[in-house]
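I set out to read this structure entry by entry and to record what I looked up. The notes begin with a single residue and then widen to the whole chain.

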Amino acid sequence: MNKYDVIVVGGGIMGASLTYYLSLFGKRVLLVEKTDLDHGSAGATDGYITPHTKQPGYHLQLALESCKLYETLEEEIESDIDIELALHCGGLQVCEDQRQWELISDNREKLSAGGLELYMLETEEARKIEPAISPKMRGAMYSPIASGVNPFKLTQAFADKAKKLGAEIFIETKVESLVFDGPRVAGIRAAGFRGGTWYADYVADCCGSWGAQFAALAGVEVPIVPKRGQVIVSEPVAPLLNTVMQTGLYPIIKFKPELIEDERIFRLGLGFGMEQTRDGSILISGTRELAGFDRGNTLECIEAVIQTAAVYIPAITGLYFIRCFSGLRPHTPDGLPILGRVKQVPGFIMCCGHEGDGIALAPISGKLVAEEIVYGKTSFPIEACAAERFTER
Ligand SMILES: Cc1cc2nc3c(=O)[nH]c(=O)nc-3n(C[C@H](O)[C@H](O)[C@H](O)COP(=O)(O)OP(=O)(O)OC[C@H]3O[C@@H](n4cnc5c(N)ncnc54)[C@H](O)[C@@H]3O)c2cc1C
């Protein structure tokens, strides 16, 4: 039978999460991915679950809702795959100088007003939590609830559980056009391994950085653009980092890059984020670049990111770096994702545009969009994430 309740397009973390929640709520779901699961950002990312890197207000509240889901996710999905969840490993934003300290202190006040527990720590105190921090730093903001996960494995675990609940997954199958029944989206036409025409009551756009291109097939215009992030990976080493961390410039680079005066920092979106994976590798990520869909790595960035990170964590200068990769963050102008039904096109659903927050927001995004499809209402508001916000202002 080639008719489903929902066809989810895009096998990244969003597609896998949405497929899981829809299957959990009893829907017959087909997930279609043009290459393989994790081909997009989920396979080329960090795994920070950090509410303190969100904008104060709605964005933060959405992240806190997602954190609640992460608390019980492992038990819930009962996967054989170890998703390497490091619940409450803690997160630090390290300030190099007084300017960053003031910037982060100001941000802390706004985030704390939203109910997030955060502390400004002098360097000596921060080094008790993360001894690798340079003693020359000004201090750090500390979030005790920050966590980490292996995004690649979480995507696989969501997909695995969805399959156990009855979902079908087609890989190496690209959706090339949509089937319409009057104004309503009624299915997909796909090419590749499982090419053909498949029908559904709803089609969901979980295409990440390709989300705007996919929405265009439905005649929907949304401003999602890819922002490239380059990541450098060290050989596995003995435990060096306890937390997930970023530079104190992070909120500016992410949300207000126009305030950056330094040409190179502005052009590369240069900062750094650092974590140590379960196998001991240190992952240093550090750029937010407008480079189209180019997923290459550049010598300029590799050098600049390592040099920046070494100012904060001097011990990394003694490491061997063994590879690098880059991924695309699906960026929207206001930093919020696009979630839920698209009013102008019945049957068309969106769950994409999560920029640098898709891992943190994956459980809540999949759950809320599934609730909207299945129950027609959500347990947490998603109006702020409507596709129409870009056109109806
Ligand atoms: C360097 C870097 C670091 C990051 N760090 C973090 C972090 O620490 N914490 C965090 O929360 N977020 C982080 N992010 C962001 C996060 O990775 C993304 O927001 C998230 O992975 C997006 O997931 P997605 O499923 O929407 O998109 P993707 O993973 O890109 O998946 C989209 C999928 O759609 C498929 N597709 C596209 N078009 C079609 C079509 N026509 N037919 C079929 N399939 C199609 C693609 O092949 C792709 O697999 C980071 C991103 C980068 C690049």
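**Entry 1: Ile 265**

I looked up the surroundings of Ile 265 and found 18 other C-beta atoms within 10 Å, so the residue counts as partly exposed. Burial would require 20 or more such atoms, and exposure 12 or fewer. I note that the model is a predicted one.

I then placed Ile 265 in helix α8, which covers residues 263-268. Setting aside neighbours within four places in sequence, I found Ile 265 in contact with Ile 260 and Leu 270. I also checked Ile 265 against Ala 304: the two are 39 residues apart in sequence, and their C-alpha atoms are 9.3 Å apart in space.

**Entry 2: The chain as a whole**

I counted 10 helices and 18 strands in the chain. Does the radius of gyration agree or disagree with that of a compact globule? For 393 residues such a globule would have a value near 21 Å, and the chain has 21 Å, which agrees. I recorded the span of the C-alpha trace along its principal axes as about 65 × 45 × 40 Å.

Of the 393 residues, 52% count as buried. I next took the contacts between residues at least 6 apart in sequence; 74% of these join residues at least 24 apart.

**Entry 3: The eight-stranded sheet**

I traced an open sheet of eight strands with mixed pairing, in the order β5-β6-β4-β13-β14-β15-β12-β16. Its edge strands are β5 (119-122) and β16 (321-331), each of which pairs on one side only. From one strand to the next, the twist averages 25 degrees.

I followed the pairings in the middle of my list. Strand β13 (residues 244-247) pairs with strand β14 (residues 273-276) in the antiparallel sense, over two bridges. Here Gln 246 has Gly 273 of β14 as its bridge partner. Gly 273 also stands opposite Ser 285 in β15.

The pairing of β14 with β15 is antiparallel and runs over four bridges. These two strands form a hairpin with five residues between them, and in its turn Gly 280 has a positive phi of about 105 degrees. For β12 and β15 I found antiparallel pairing over three bridges, with Val 233 and Leu 283 of β15 as bridge partners.

**Entry 4: Helices against the sheet**

Which strands does helix α9 (residues 299-312) lie across? I listed β4, β12 (225-234), β13, β14, β15 (282-285) and β16. Helix α9 runs at about 65 degrees to β12.

**Entry 5: Around the ligand**

I looked up the shell around the ligand and found 43 residues, of which Gly 12, Gly 40, Gly 208, Gly 229 and Gly 358 come nearest. The elements that give two or more residues to this shell are α1 (13-24), β9 (173-181), β12, β16 and α10 (358-375).

Which element gives the most to the shell? I found that β16 does, with four residues. I had already recorded β16 as an edge strand of the open sheet. By class, the shell has 18 nonpolar, 18 polar and seven charged residues.

How values were computed: Residues are numbered from 1 along each chain as its sequence is written. This is a predicted model: local features need pLDDT of at least 70, side-chain atom pairs count only at pLDDT 80 or more; totals for chains, interfaces and linings use all residues. The radius of gyration is taken over C-alpha atoms; the globule rule is 2.2 Å times the number of residues to the power 0.38. Two residues are in contact if their C-beta atoms, placed from the backbone, lie within 7 Å. Two strands pair if DSSP finds at least two bridges between them. Axes are lines fitted to C-alpha atoms, for helices over the stretch in contact, and angles run from 0 to 180 degrees between N-to-C directions. A residue is near a molecule or strand if its C-beta atom, placed from the backbone, lies within 6 Å of it. Ala, Val, Leu, Ile, Met, Phe, Trp, Tyr, Cys and Pro count as nonpolar, Asp, Glu, Lys and Arg as charged, and the others, Gly among them, as polar.
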